[in-house]
Amino acid sequence: MTSFELEARTHPDPGVRLVEVSGELDLTNAREVETGLDELVQGAPIVVLDLNRVHFVDSAALHALFRLARRSGKLALVLDPGAAIAPTLDIVGLSEVVPVAGTVEDVLAALASASA
């Protein structure tokens, strides 16, 4: 099994749940990642996942992220264009489903403009 970490971070806006994800996300842990994310973001009106410390993602983990995006009211991803998994997320078109930007502030602004 590959290793990963999910760490809830505080944000000044109590309606924003920020979770930093790190490690490798793949078939061996995709279900555990999804369950852990569901528990951490339960009831949050806005969910922001920071994926900059994820080194690898496969189709099972991508599917878990797409499912989370469908279940979540508002989901956004923080991902620097130079991050290890940025090309993969670009290829699968995750940015067509949820806002993706390099900073928390940028993704929150994208969510706000999408709601307006």
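Colleague: Which residue in strand 4 is the bridge partner of Val48?

Modeller: Look one strand over. This is a predicted model, and in it Val48 has Ala76 as its bridge partner in strand 4. A bridge like that is one rung of a ladder: strand 3 and strand 4 pair in the parallel sense, over four bridges. Val48 also has a partner on strand 2, where Leu18 is bridged to it.

Colleague: How many bridges join strand 2 to strand 3, and do they run parallel or antiparallel?

Modeller: There are nine bridges, and the two strands run parallel. To get from strand 2 to strand 3, the chain passes through helix 1 (residues 30-41), and this β-α-β crossover is right-handed.

Colleague: And what about strand 1 and strand 2, parallel or antiparallel?

Modeller: Antiparallel, with six bridges joining strand 1 (residues 4-9) to strand 2. One rung to look for is Phe4, whose bridge partner in strand 2 is Gly23. The two strands make a hairpin, with six residues between them.

Colleague: So how do I read the whole sheet? In what order do the five strands stand?

Modeller: List the strands as neighbours, side by side. Here the order is 1-2-3-4-5, in an open sheet with mixed pairing. Strand 1 and strand 5 (100-101) stand at the edges; each has a single partner strand, so one side of each lacks a neighbour in the sheet.

Colleague: Is strand 2 mostly covered or mostly open?

Modeller: Mostly covered: of the ten residues in strand 2 (residues 16-25), eight are buried. As a general idea, side chains in a regular strand alternate between the two faces of the sheet.

Colleague: What lies across the sheet, then? Which strands does helix 2 cover?

Modeller: Helix 2 lies across strand 2, strand 3 and strand 4, and runs at about 175 degrees to strand 3.

Colleague: Now the core. Which residues of the largest nonpolar core touch the most other members?

Modeller: Start from the best-connected members. In this core of 28 residues, they are Leu25, Leu37, Leu49, Leu51 and Leu89. Strand 2, helix 1, strand 3, helix 2 (59-71), strand 4 (75-78) and helix 3 (86-92) each supply at least two residues. Helix 2 gives the most, with six.

There's also a second, separate core of ten residues, with Ile46, Val48, Ala76 and Val104 among them. You've met two of those already: Val48 and Ala76 are the bridge partners we began with.

Colleague: Can we zoom in on one core residue? What is Leu25 in contact with?

Modeller: Setting aside neighbours within four places in sequence, Leu25 contacts Phe4, Val33, Val54, Phe56, Val57, Asp58 and Ala61.

Colleague: What about loops? Is Asn29 buried or exposed?

Modeller: Don't judge by the loop label; check the accessible area. Asn29 is in the loop between strand 2 and helix 1, yet its relative accessible area is 0%, so Asn29 counts as buried. A polar atom of the Asn29 side chain lies 2.9 Å from the backbone nitrogen of Asp26.

Colleague: And Leu94, buried or exposed?

Modeller: Buried, because its relative accessible area is 2%, under the 20% cut-off. Leu94 is in the loop between helix 3 and strand 5. Not counting residues up to four places away in sequence, Leu94 touches Leu65, Phe66, Leu77 and Leu89.

Colleague: How are Leu94 and Asn29 placed relative to each other?

Modeller: They're 65 residues apart along the chain, and 20 Å separates their C-alpha atoms.

Definitions and conventions
Residues numbered from 1 in each chain as written. Predicted model: local features only at pLDDT ≥ 70, side-chain atom pairs only at ≥ 80, totals over all residues. Heavy atoms only, no water. Buried < 20%, exposed > 50% of the residue type's maximum accessible area, 1.4 Å probe, protein only. Pairing = 2+ DSSP bridges. Right-handed = clockwise from strand over helix to strand, strands pointing away. Core = buried A, V, L, I, M, F, W, Y, C linked by side-chain atoms within 4.5 Å. Contact = heavy atoms within 4.5 Å. Polar contact = N/O pair within 3.5 Å; in protein donor to acceptor, adjacent residues only side chain to side chain. Axes fitted to C-alpha atoms, helices over the stretch in contact; angles between N-to-C directions.
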